[in-house]
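Please have the sequence and the coordinates at hand. The text below goes through selected strands and their partners.

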Amino acid sequence: MKKVSLIFCFSLLFAQLAFSQKTKPNIIFIYADDMGYGELGCYGQTKIKTPNIDQIAKEGIRFTDYYTSTPVCAPSRCQLLTGTHSGHSFIRGNYELGGFPDSTERGQLPLLPNTVTIGTELQKVGYTTGCIGKWGLGMGYSTGAPNKQGFDYYYGYYDQKQAHNYYPTHLWENGKWDTLNNPVINVHRRLDPKTATQEDFDYYKGKDFAIDKMGEKAIDFVKQNKDKPFFLYLPFTIPHVSLQAPDSAVAEYIGKFPETPYYGGQGYASTPYPLATYAAMITYMDSKVGEIMKLLKQLNIDDNTIVFFTSDNGTTFNGGVDAKFFESVGPYRGLKMDVYEGGIRMPMVARWPGKIKPNSETNLVAAHYDILATLLEIGKAPAVPSDGISILPTLLGKSKKQTSHEYLYWEYAEKGGQVAIRLGKWKGVKVNLIKNPKNKWELYDLVADESEKKDVAAQHPDILSQFDAIVKKEHKPSHIPKWEFVDKTLN
């Protein structure tokens, strides 16, 4: 009798565990690459079509004051996954290893062993985890490999330099080379404007478009894990240059814009239709998002899946991209690699049927380093130390329970050395600090001057003193000498 009772107790325990695992929400976090604040229809874009992402905003929540943690690729990804801001993060810049050819593919500075990431913590509470897209935090053989940093499955580009080309010879799947049907393409080869032909432009085209491969793998991952809780981190490479997209996608926009061919003068692939190609790339990514959203409904897991969409940093300044034409960063100043608002303020939308109220909007000041705490709370995982706060109360419409940041902090060694702080409506910026460590604060009132045009630092010395104290508190020395510039500004 005791044996039967014991078996019954174990059976009940396993049944309860299985039920709790099934009721945990699935999480999909989609991460665009170099997409500015104003490049989605739901953020005011009028020239580029993004109906599926706009639908996420319509059926969910839109953030107006959401930020990246560093305005460039690798550190923003590190800080997203580890919940650290740029004064504490292990990776604070694009520390490049190797070169562009396949033979010299070495990736970026890898994460250390035993790093706490969103993936590692969700794995501990029963999530199957996948990362599909651009990694940028270490090659597959390194300590930074995604399979060693909390992801059961990985497919995509390990190396950001390889990701400059949308028709690569290969992508990587769980450490194994996946050959694509593409020739070797040097996307940084320039064309001569005087002699360039259509055949020369066709050099930058291949058969297998990387975004298609990512979309296919994302669909497969969701299908394979539909009966258990999953976390899918989907860092698409669009719209990061090169300007490359399938001809059918570009055709939708040809003739709609006043085009001047791009011959590679600012790096990356040449194209006769730079404006149409850029718009097509964003719309093409949007279509892949739409395929995923459609699948969630087909699999009857839509109501139990929360979907986020945001970007790693602001719009780029090179490769034939015309941020001014598309008003890519909205009303804001600066682009990628700037700590002005255009480089760091991001689009951010989220949808969770029955949990997030449709057509919601929030001006909560939040950042990428809040996502770790947020996703762990969503996944019912124990909290871990981080620089972030959970924004789940805001997502659920419980703003009275939402804690908030006293301030946000940025430091960034590239582009001359920059520091920034947002303290309520106040935004402080210091630039060119490597050459001039004693450069003074610029101060902007983001309510009265969202474009950061009028420096009012002279009128508010008390706020500047607060900024100085924040820098002293938040900066921790980096292990990479070229990232260490802040200490000299404090002496």
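What follows is a walk through three parts of the fold, taken strand by strand.

This is a predicted model, in which local features need pLDDT of at least 70 and side-chain atom pairs count only at pLDDT 80 or more, while totals for chains, interfaces and linings use all residues. Residues are numbered from 1 along each chain as its sequence is written, and side-chain values use heavy atoms, with hydrogens and water left out.

Begin with strand E6, residues 153-157. Strands (E, at least two residues) and helices (H or I, at least four) are DSSP runs, numbered from the N terminus. E6 is mostly covered, with five of its five residues buried; buried means under 20% relative accessible area, exposed over 50%, and partly exposed in between, with a 1.4 Å probe and protein chains only. Two strands count as paired if DSSP finds at least two bridges between them. Strand E5 (residues 128-134) runs parallel to E6 and is joined to it by five bridges. E6 also pairs with strand E7 (residues 170-173), here in the antiparallel sense and over two bridges. Gly156 takes part in both pairings: Gly133 has Gly156 as its bridge partner in E6, and Trp172 in E7 stands opposite Gly156.

Next comes strand E10, residues 305-311, where seven of seven residues are buried. In a regular strand the side chains alternate between the two faces of the sheet. In E10, Thr305, Val307, Phe309 and Ser311 point one way, whereas Ile306, Phe308 and Thr310 point the other way, and all are buried. Strand E1 (residues 26-32) is parallel to E10, with seven bridges between them. Strand E11 (residues 345-351) is antiparallel to E10, with four bridges. Val307 of E10 is the bridge partner of Ile28, and Val307 also stands opposite Arg351 in E11.

The last part is an open sheet of four strands in the order E14-E15-E16-E17, paired in the antiparallel sense. Strands E14 (408-412) and E17 (442-445) stand at its edges with a single partner strand each, so one side of each has no neighbour in the sheet. From one strand to the next, the twist averages 15 degrees; axes are lines fitted to C-alpha atoms, for helices over the stretch in contact, and angles run from 0 to 180 degrees between N-to-C directions. Five bridges connect E14 with strand E15 (residues 418-423), and Tyr412 stands opposite Gln418 in E15. Helix H13 (residues 461-474) packs on this sheet and touches E14, E15, E16 (426-430) and E17, contact meaning heavy atoms within 4.5 Å. The direction of H13 makes about 115 degrees with that of E15.
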